[in-house]
Structure formats: C-alpha cells, structure tokens
Amino acid sequence: MTSSSPATPDSAPGPGPARGLFVAFEGGDGAGKSTQARLLAGSLLAAGHEVLLTREPGGTPIGEKLRSLVLEHGQGEVDARTEALIFAAARAAHVAQTIRPALDRGSVVITDRYIGSSIVYQGVARGLGIEPVRDLNVWATDGLWPDLTVLLDVDEGEGRARRAADDAVEDRLESESDDFHRDVRTAFLDLAEARPDSYLVLDGRRSLEELSERILAAVTRVLEARP
Ligand code: TYD
C-alpha cells in the first residue's frame with residue numbers, strides 16, 4: 001500500500017507518464033457506458049489510432065474468472081472486504097497484463113470501469129471507506145490513473161428502468177436497492193467534483209449521438225494537448 005495520502009480522493013503518485021492515453025468510463029448501472037466506450041473506440045480507430053477497448057472486472061483470463069466469482073449469484077456470502085479484494089485482484093492483472101503493455105505501445109486504452117467503481121461501490125456504497133479502498137487499488141495498479149474519466153450520470157430510477165428494458169438478469173451488484181444505487185451516483189459525482197480537470201461529466205439522458213460527439217471532442221482535445 002502507499003504510505004502517502006494524496007490530496008484528493010482519487011489521485012495518487014504513480015510511475016512516470018505512459019506513451020499512450022488512458023480513458024476510463026464510469027457511472028452507475030444502466031448509464032450507457034459500454035455503448036459509449038464502443039462508439040469512442042470505433043471513432044478513434046477510424047481516425048487511425050491504435051485502440052484497446054477493455055472492461056472491468058475482466059480484460060484478462062483471470063479477470064474474467066474473477067468477474068464470474070464476484071458478480072454471479074450463488075457463490076454464497078461475499079462480504080464487502082472479499083468483494084473489494086476480488087475487484088482489486090482482477091484490476092491488478094488487468095493493468096499488469098493488458099493495460100500497461102498497451103499504453104507502452106502507444107495505444108489509446110479505453111476501459112469500461114476502473115478504480116472509481118471500487119471507490120464508489122465498495123468504499124462508499126458498501127461502507128468500507130474511500131481511503132482504504134483507494135490505497136488498496138493504488139497498490140494493485142502501481143498507481144496507474146486514467147488521463148481522463150468520462151462519467152455518465154443517470155439517477156437510480158433511470159438506471160433501474162434501463163436495466164429492466166435491457167431484459168438481462170441483474171447481477172449481484174445491479175440487484176442492490178435503490179438506496180445503494182443512489183449512494184453510487186452521489187459518490188461518483190463527488191469524485192468528479194474533487195478532480196474536475198480529469199473528469200468529463202455528462203448527463204446520461206442525452207442522445208447517443210450528442211454524448212458520443214462530446215466524448216470524442218474531449219478525448220481529441222486531450223490527445224492534441226499531449227507532447
Ligand atoms: P457490468 O456488467 O460491467 O455492469 P455495467 O454494464 O453496469 O458496467 O458489472 C459490473 C458490476 O460490478 C457493476 O454493478 C459495478 C460493479 N463493480 C464494483 O462494484 N466494483 C468495481 O471495482 C467494478 C469494476 C465493478
């Protein structure tokens with residue numbers, strides 16, 4: 001774990017900057033992250049960038065196994081610390097095996113969820129505390145933070161309605177109460193407010209096209225501002 005205490009909830013010192021660009025999508029369940037992550041990847045590919053689109057938990061063989069363990073019903077009781085450690089273990093593998101090598105090659109890496117999800121779901125909604133969950137994840141990732149986090153904001157009612165329309169069986173986290181999802185939403189907004197330079201916060205009720213245009217514009221700005 002790190003011994004230093006960063007100034008804001010999701011900032012921390014890490015190794016030097018990577019060559020590629022690291023973009024994370026965050027938001028509550030049903031916010032539309034996966035669709036927008038896919039659209040962004042397609043636009044950047046079409047513009048000639050090398051792109052890696054990946055997701056959490058997952059992105060490696062071990063991460064996909066851990067995904068089933070932590071999200072599927074029927075594994076018996078999964079207490080909050082165990083849950084946090086499984087997400088962090090999947091993330092450690094994801095960063096070491098997939099994300100850092102791609103960034104070192106100069107790719108744009110787009111991940112559907114990252115550390116912000118652990119801080120919000122395990123740290124706040126499960127009540128483990130922001131600091132310990134952040135520190136665990138700084139250790140797991142050797143301090144790798146996204147260059148830009150896109151937060152798609154929808155309230156818990158909208159998220160629930162979209163999940164219902166989706167018709168898929170809700171996983172362990174999705175089937176938590178509206179209060180849980182309200183805490184998730186508020187905590188994401190608090191994280192973004194603490195680091196406005198690293199976040200793009202968008203109202204998830206906007207049209208697919210408007211969202212994708214704004215996201216592409218923001219990512220392009222960050223790419224162009226790089227040396
Ligand atoms: P997923 O199928 O990716 O949901 P979504 O399409 O909404 O992103 O499921 C991931 C679930 O796991 C989601 O409910 C959020 C939760 N989660 C955590 O609680 N902590 C984490 O660190 C991560 C990455 C996800």
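This report describes the surroundings of a ligand and several loop residues in a predicted model.

**The ligand and its shell**

The ligand occupies the largest pocket. Around the ligand stand 18 residues, and the closest of them are Asp29, Arg67, Arg113, Ser118 and Gln122. Four helices each give two or more residues to this shell: α1, α2 (61-71), α3 (80-104) and α4 (115-125). The largest share comes from α4, which supplies four residues.

Some side chains have an N or O atom at a short listed distance from a polar atom of the ligand. The table gives three such pairs.

| Residue (side chain) | Ligand atom | Distance |
|---|---|---|
| Asp29 | oxygen | 2.6 Å |
| Arg91 | oxygen | 2.9 Å |
| Gln122 | nitrogen | 2.8 Å |

On its own, the ligand has 540 Å² of accessible area, and the protein covers 91% of that area.

**Asp29**

Asp29 is one of the residues closest to the ligand. Asp29 sits in the loop that runs between β1 (21-27) and α1 (33-46). Is Asp29 buried or exposed? Its relative accessible area is 10%, and because buried means under 20%, Asp29 counts as buried.

The side chain of Asp29 takes part in two of the pairings described here. One is with an oxygen atom of the ligand, at 2.6 Å. The other is a polar contact of 2.6 Å with the side chain of Tyr121. When neighbours within four places in sequence are left aside, the residues in contact with Asp29 are Arg113, Tyr121, Gly159, Arg163, Glu174 and His181.

**Arg113**

Arg113 is also among the residues closest to the ligand. Its place is the loop between β3 (108-112) and α4. With a relative accessible area of 13%, Arg113 falls under the 20% limit and is therefore buried.

Which residues does Arg113 touch, if those up to four places away in sequence are not counted? They are Phe25, Glu26, Gly27, Gly28, Asp29, Lys33, Glu56, Tyr121 and Phe188. Asp29 and Tyr121 appear in this list, and Tyr121 is in contact with Asp29 as well.

The backbone of Arg113 has a positive phi of about 85°, although Arg113 is not a glycine.

**Other backbone features**

Asp142 likewise has a positive phi, of about 55°, and is not a glycine. This residue lies in the loop between α5 (130-141) and β4 (148-153). Asp142 has a relative accessibility of 52%, which is over the 50% limit, so Asp142 counts as exposed.

Where is the cis peptide bond from Glu56 to Pro57 placed? Pro57 is found in the loop between β2 (51-55) and α2. The omega of this bond is near -15°. Glu56, on the other side of the bond, is one of the residues that Arg113 touches.

**Gly74**

Gly74 belongs to the loop between α2 and α3. Its relative accessibility is 76%, and because exposed means over 50%, Gly74 counts as exposed. Gly74 and Arg172 are 98 residues apart along the chain, and their C-alpha atoms are separated by 9.3 Å.

**Summary**

Asp29 is buried and has a side-chain N or O atom 2.6 Å from a ligand oxygen. Arg113 is buried too and touches Asp29. Gly74 and Asp142 are exposed.

Technical notes: Residues numbered from 1 in each chain as written. Predicted model: local features only at pLDDT ≥ 70, side-chain atom pairs only at ≥ 80, totals over all residues. Heavy atoms only, no water. Buried < 20%, exposed > 50% of the residue type's maximum accessible area, 1.4 Å probe, protein only. Polar contact = N/O pair within 3.5 Å; in protein donor to acceptor, adjacent residues only side chain to side chain. Contact = heavy atoms within 4.5 Å. Near = heavy atom within 4 Å. Areas by Shrake-Rupley, 256 points an atom, 1.4 Å probe, with all protein chains shown as cover. 1 Å grid on protein atoms, 1.4 Å probe; cavity = no way out; pocket = protein on both sides within 12 Å on 5 of 7 lines; lining within 4 Å. Sits in = over half its atoms within 2 Å of the grid points.
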